Every structure is written in C-alpha cells, then in structure tokens.
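Student: Could you take me through one part of this model up close? I'd like to see how one helix sits against its surroundings.

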Amino acid sequence: MKSKRVVIVLTIVGLFMATTLLPNAIAADTFNWKKCEGTKLRFVMHKIPPSKAVLETLPKFEEKTGIKVDAEILPESQFRQKVLIQFASGKSDIDVYLTMPANDAVKYYTSGWYEPLGNYLNDPSKTEPGYDYEDFAKSAREGCTIDNTIIGMPCGFSPAIFYYRKDLFEKYNVAIPQTFDDLEAAAKKLTLDTDGDGKIDIYGWSNRGKGRVATSVFSMFLFGYGGRFLDDDGNPVINSPEAVQALDLYGRLLRLYGPPGSTNFNFYEVYSLFQQGKVAMCTAGASTHKVFVDPEKSKIWDTVDYAIMPGGPNGRHSFVVVWGFSVYSGSKNKDAAWLLVQYLTDKSGMKTLLKDGGVTVARSSTWKDPDIAPITKPKKLFDLSLETVEKHGNPYWNPPAISVTELRDALGAAIVASILGEDVKKAADKAQAEWVRILKEERAEMKK
Amino acid sequence: MALNVAYPQEKSRPVEGRRSSELTRQFVEFIDRNLKIVFPVPLLVTLFLLIIFPLIYTAYLSFHTWGLSANRKPDFVWFTNYVRIFFHDPRFWHSVLITMYYSFLAVGTEIVLGTAIALVLNRKFAGMKIVRSIFILPMAATPAAISLIWTMMFHPDIGVVNYLMTRFHLPALVWLGHPRSALFAIVMVDVWMFTPFVVLVVLAGLHALPREPYEAAMVDGASPGQTLWYLTLPFLKPTIIVALIFRLVQALKTFDIIFIMTEGGPANATETLNLYTFKRMFMYYKGGYSSALALILLSVVLVVNIILIRLRKREWSY
C-alpha cells in the first residue's frame with residue numbers, strides 16, 4: 001500500500017504546483033504572449049517579397065507563445081482560388097491569411113470573411129502594449145480599412161517605380177521624363193536599331209498588356225489625366241474623355257515603342273526583357289529592384305536606375321499595392337490568430353521583415369530606426385519608395401466593387417484593343433457598357 | 001450457392017476456438033453469399049461521389065444564383081440563368097464558336113497527320129522501335145509543363161519559333177500576342193501533343209487488318225495509291241472513328257493548355273466554353289450561372305459523343 005500512498009501524495013503536490021503556475025493564464029487583465037499556448041494555427045499566404053522572412057520568424061513565434069503555426073505559401077492565383085473555395089464552403093480551418101485589399105477587400109468584406117480587428121486593438125488584454133497602430137503609414141492603414149472597419153494589419157506595400165537605363169539616357173541625351181508627353185518623346189527616341197540591320201533591337205517602353213493584369217498599371221495613366229473608375233455617385237466613367245486619352249496613350253506607347261506581343265505580357269515578360277537589355281524603360285514594384293541588379297540574372301545590373309513615375313496634367317499617381325494579414329471570421333482560435341498577426345507586424349516584427357532587404361514595410365518608425373539605417377541599401381530606393389507612397393501613392397487602383405475581376409476583364413479588353421490599334425473610343429464605350437451592366441447586376445444582388 | 005459447395009473440405013476444418021478466426025469465417029461466408037452486391041458496391045460508391053452527386057449538385061445550382069459565399073444561401077431563380085445564357089450573352093455564343101473552331105481544326109489535323117504517320121510507321125525499318133517510342137513522348141509529358149515551354153518558345157522576340165521562322169526566310173509572327181494567331185498557336189500545341197495518340201490507335205488498327213484483300217489487290221495489279229485509297233482507309237474507318245471520339249470529346253473540354261498559354265485572351269480570342277465557365281465561377285463568383293454553363297457544355301459533349309458512337313456502329317458492321 002506504500003506505493004498507493006506515494007501516488008496520492010504526488011498527485012496532490014502536482015495539482016498544487018499546477019494551480020500556482022496557472023494564474024498567469026487566468027488573469028485576463030494583463031497581456032501575455034503565452035496566453036494561447038498549445039493552440040495550433042493555420043496560416044496561408046502567397047509569395048510576396050517578405051514571405052521568406054515571415055517563414056523564418058515563425059519558429060521564434062512558436063518559442064515565444066507556444067502556439068504551433070502550420071504555414072503555407074502558394075502561387076498567387078492558386079492562393080486566391082483556394083482561399084475563396086475554403087471560405088465559400090464556410091468550413092475553413094484557415095486562421096490567418098494574407099490579403100491584398102485593393103483586389104479582395106470588397107468581396108471578402110461583404111461576404112463576412114474578415115474578422116474586424118478594431119475591437120482587438122482596443123482591448124489591452126489582447127494587444128501588446130506599444131503596438132501603436134498609428135505608426136503604420138497612412139495609405140497602408142487606409143488600404144486595410146473598409147467601411148470604417150479595420151480588416152487587416154498592413155504588412156508591406158510596393159509602390160510602382162519607374163525604371164530606366166542610365167547608359168541609354170546618357171548616350172542619347174535623354175532627361176528623366178516628368179510628364180506623359182516627356183515619356184512618349186523619350187520612348188520614341190529610345191526605340192533604336194543599334195546594329196543597322198533594319199530590325200529594332202531596343203524598345204523604348206514595355207509594360208503589361210494582357211488585359212486584366214494591365215489595369216493596375218493603366219490606373220496610373222487614368223488618374224494622371226484626371227480620369228476615374230467611378231464617379232461620386234458610383235457610376236462608371238471609363239469612357240470619359242480623360243479615360244479615352246489615357247487608353248489611347250497606353251496603347252500607343254506599347255504599339256509604337258513596345259516589343260511585339262505586348263498583349264500577352266504579364267509583369268514577368270516585361271521584367272525578362274528589361275533584364276536582357278532589350279527595353280529602355282518600364283515600371284515595376286520597388287521590390288523588383290533586387291531582380292534587376294542581380295549580376296547573375298540581369299544583363300543591365302550596373303546600368304539600371306529609377307525615378308518617380310511621370311505624371312499627367314492631374315499629377316503623379318503611382319499605384320501602391322498594400323498587403324496585410326487578416327484573421328478569418330470563422331476561425332476557432334481568433335485570439336491566437338491575433339497574436340500571430342501582432343507578432344508579424346509589431347515594431348520588432350517589421351524590423352525583421354525589413355532586414356531581409358527589398359521590402360518596404362508599412363511602419364514609419366521602422367524606417368527611422370537607427371538599427372536599420374545601415375542595412376537599407378540602396379537608400380535612394382527606399383527614400384524614393386517612401387516619397388512615392390506618401391505623396392503620390394494611390395492604393396485605390398482597382399474599381400471599388402465586388403466583381404473586381406469581371407470589371408478588370410472588361411477594361412482589359414479595351415486596353416488590348418488600344419494596343420492593337422483599334423478604335424479607342426469604341427472600345428472605351430464597350431467597356432463602359434459592360435461596367436454599367438456588371439455594376440447594375442451586382443447592386444441588384446446586394447439589395448436582395 | 002455454388003461456391004460454398006465447391007469447397008466443402010474447408011468448411012469442415014476444425015475451428016481453432018479463437019474469436020477472430022470465427023468472425024473471419026463468417027465474414028468470408030457473407031461475402032461469398034452476396035457476391036453480386038459486394039463487387040459492384042465500391043464502384044457504385046465512387047461513381048456516385050465523383051460523378052452522380054456533382055452532376056446533381058451542378059444541376060441544382062444552375063437554377064439558383066449564388067455568390068460562392070457561405071453567408072448567403074443560393075437563391076432559386078427558375079430558368080433565369082439559361083434564358084440569360086441563350087439570349088443575352090454574346091460572349092457565350094462566341095465561346096461556343098471558338099470551342100467548335102478549335103476542336104474541329106485541332107482534331108481534324110490530328111486525324112489526318114496521325115493516320116499518315118501511322119501508315120509510315122507501319123513498315124519495317126531500321127530503328128523503328130526507337131522511333132515509335134520517341135513519337136509517344138509528347139503525349140507522356142505534363143500538359144502544364146508543355147504549355148509553359150511552348151509559351152516561351154512562342155515569344156515574339158526571344159522565342160525559338162520565330163528564330164526558326166526567320167532562318168527559313170518566313171515572317172516572324174506575334175503568335176500568342178494577336179487575337180488571330182493566338183488560336184492557331186494553341187491548336188499547334190494541341191496537335192503536337194495528341195497526334196501520337198491517334199498514331200497509336202491507328203497503328204493498332206493497321207495490325208488488325210485482314211491480309212486476303214491485299215493479296216487479291218496485288219494479284220489484280222493495284223497501285224500502292226489505289227491500295228491505300230480503296231482498301232486501307234475504308235478498313236481503317238472504324239478505328240479512325242474511335243480515335244475521333246476520344247479526341248473530339250477531349251478537345252471540346254480542353255482547359256489546361258489554353259489557360260496557361262493565354263488565359264482565354266487576347267481579348268477573348270481563345271476563350272472556349274470550358275474556360276468561360278471557369279472564369280464565371282472562380283473569377284467572377286457567379287456560381288449559378290457557371291453551373292448552367294457547365295451543364296450546357298456537358299450536353300454538347302454528350303450529343304457529339306452519341307452522334308459519333310452511332311456513326312461507329314454503322315461503320316463497324318462488316
């Protein structure tokens with residue numbers, strides 16, 4: 001019977017110890033990283049510049065909080081479809097996911113898939129002290145808010161930057177274009193036959209032309225001429241004179257000074273040609289800079305330079321892609337999910353993401369952190385990115401509607417028509433009619 | 001049952017007294033007795049889960065509108081989707097046209113080319129086994145990988161195809177970049193991928209040809225051309241129709257190569273019905289409408305299938 005007594009005593013001692021160690025978890029008033037210890041989270045994202053750094057910080061998160069994270073990185077379109085199907089079924093086990101509000105916000109918000117994070121921010125037991133939501137750049141915060149509801153924590157943004165070949169500009173005495181007219185003149189001057197064989201070897205300008213994917217770049221020209229997607233009453237105005245002017249310029253630039261086959265170009269084809277030295281100017285995200293200066297992949301690594309995207313009569317409107325981390329409204333571990341989101345986007349989290357290089361993170365304080373200053377090279381690029389985002393950034397480069405993809409397809413068809421040299425006004429009118437129909441259907445659906 | 005009677009010795013074997021062997025024996029007996037139910041059950045379950053249930057669910061959805069959200073249940077809308085598709089959707093009719101154009105052009109080329117190649121490969125020549133194996137390769141590779149590589153090859157500036165064209169003093173084309181040439185480029189890839197299939201089927205048919213008519217033709221002094229036209233091809237008709245059935249049904253549903261190479265563009269020039277259905281569902285979030293489109297595609301494929309099977313039955317009655 002001695003063994004039985006030992007067992008009883010040990011059990012009592014064990015229970016005693018357990019109860020003295022538990023209070024931390026029970027006290028709801030203080031914030032504690034280990035609050036949700038033992039939970040398992042599912043985290044899904046697609047490949048963005050910080051994704052590698054994010055994956056690398058996850059083991060440290062697991063150590064700090066005791067929460068196990070099952071992370072997945074997928075290619076972008078598969079990611080969208082997978083997340084969509086999972087959420088549509090209503091039975092997803094995804095807890096935290098990456099979101100690109102300009103594309104997804106309206107659809108996901110109206111479907112109720114975002115967990116509103118405002119309440120979590122205001123609850124001191126759930127949010128770490130010093131998180132400082134106001135520290136995020138204004139356009140990043142705006143980008144992740146819809147209908148006055150905060151739907152995600154900004155992680156990073158990528159503004160569109162104008163890249164050009166320094167050597168060609170110097171050789172042919174071309175100044176950095178400031179306006180669209182300058183841009184066209186420069187493109188014309190730099191479309192060259194350098195070896196006299198009658199075939200063009202260097203094209204002045206290259207950009208996306210594959211319909212839907214070109215609308216984001218096109219938005220820079222649209223807003224630059226003073227055009228808009230929707231007017232103040234929410235009616236489409238993409239056949240306005242400004243829009244037609246923008247369509248005409250976009251198509252003309254690619255048709256006359258761009259490489260053949262532009263109508264099938266997504267960003268990948270544009271970058272490849274630029275890397276091979278066949279193109280004098282293009283636009284790309286700030287993070288693409290890394291790809292252009294890699295001596296192993298890029299022929300022009302030592303002669304590429306960048307500037308702010310030229311503007312039109314209505315100013316410069318570089319489109320800014322904002323990414324954020326959101327919590328799924330149907331998640332069963334919302335508190336733990338919120339801990340993960342915080343960890344990735346708080347001040348030290350952002351510092352880690354920025355250190356990986358080539359990532360424009362969304363917190364203003366991170367830029368001014370003395371620890372970071374020697375690491376952010378090239379400094380010129382980051383300064384330019386910040387300036388673009390703060391002064392000329394446009395996070396609203398998609399029409400604010402649910403059927404974003406369908407609208408972009410319709411506008412994309414007009415862009416393709418312009419590139420092919422067809423009647424631009426007719427194409428714009430056709431796109432306008434499509435937009436009217438799509439938005440009418442969408443609003444009728446919403447009323448039900 | 002007959003099976004039980006066939007093995008009386010096994011039944012009278014002494015039972016070992018452990019529960020598990022008794023249960024096993026009862027289980028085996030149960031299966032023996034109900035063989036005609038047990039064997040088909042796995043097949044029926046699979047058929048039901050993978051084919052019948054999705055079909056019924058798609059048909060159900062096609063009479064509703066649904067935005068692919070669990071928060072809003074599908075709304076019943078009678079035949080609205082079908083009416084819209086047939087009478088108010090020019091893009092639907094355009095996609096049907098493209099589908100027919102694509103399928104008949106690709107399959108027609110494959111049948112002609114495949115038969116010709118099979119006739120050549122049917123002879124004995126040095127290295128014929130190796131040549132036959134190499135010919136099968138395009139069919140064995142993954143369509144996704146093939147499409148990506150062909151997209152690179154079709155690049156107007158740095159692609160191999162234009163390089164070869166200019167080498168032979170032919171004009172360099174834009175291929176996937178222009179609405180008119182994009183469809184032909186994709187048809188080319190389809191022909192490259194699936195002609196080997198037709199070759200295989202026709203080769204099998206050639207091996208099964210009867211010898212006597214040929215000997216009679218030789219005695220009568222028929223030229224090779226006459227033998228081909230009056231003997232071989234008519235004999236091959238049923239086989240060719242089998243190849244035609246398989247290929248046409250598959251071509252009508254082609255998705256992967258088109259999606260990867262042009263995603264239906266430029267300007268919807270290569271948007272087949274299957275691609276259009278996919279876009280409506282997964283890009284525009286129109287669950288009910290795309291379900292109706294899917295059913296229409298199924299009906300088209302079914303009708304083509306029935307016509308071809310009737311044709312084959314007629315031809316194979318010699």
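Tutor: Sure, let's take helix H4 of chain A. Its buried residues are Phe79(A), Arg80(A), Gln81(A), Val83(A), Leu84(A), Phe87(A) and Ala88(A), where buried means under 20% relative accessible area, with a 1.4 Å probe and protein chains only. Helices (H or I, at least four residues) and strands (E, at least two) are DSSP runs, numbered from the N terminus. Bear in mind that this is a predicted model, with local features needing pLDDT of at least 70, side-chain atom pairs counting only at pLDDT 80 or more, and totals for chains, interfaces and linings using all residues. Residues are numbered from 1 along each chain as its sequence is written, chains are lettered from A and ligands numbered from 1 in the order in which they are written, and side-chain values use heavy atoms, leaving out hydrogens and water.

What do those buried residues of H4(A) pack against? They pack against S1, S2, S3 and helix H5 (101–110) of chain A, together with helix H15 (273–283) of chain B; contact here means heavy atoms within 4.5 Å.

Now for the strands on that list. In S1(A), residues 40–46, six of the seven residues are buried. S1(A) pairs in the parallel sense with S2(A), residues 68–74, over seven bridges; pairing takes at least two DSSP bridges between two strands. Within that pair, Phe43(A) stands opposite Ala71(A). S1(A) also runs parallel to S3(A), residues 96–99, joined by two bridges, and there Val44(A) faces Tyr97(A).

Back at the helix, just after H4(A), Gly90(A) takes a positive phi of about 80 degrees.

Definitions and conventions:
Buried means under 20% relative accessible area, exposed over 50%, partly exposed in between (1.4 Å probe, protein chains only).
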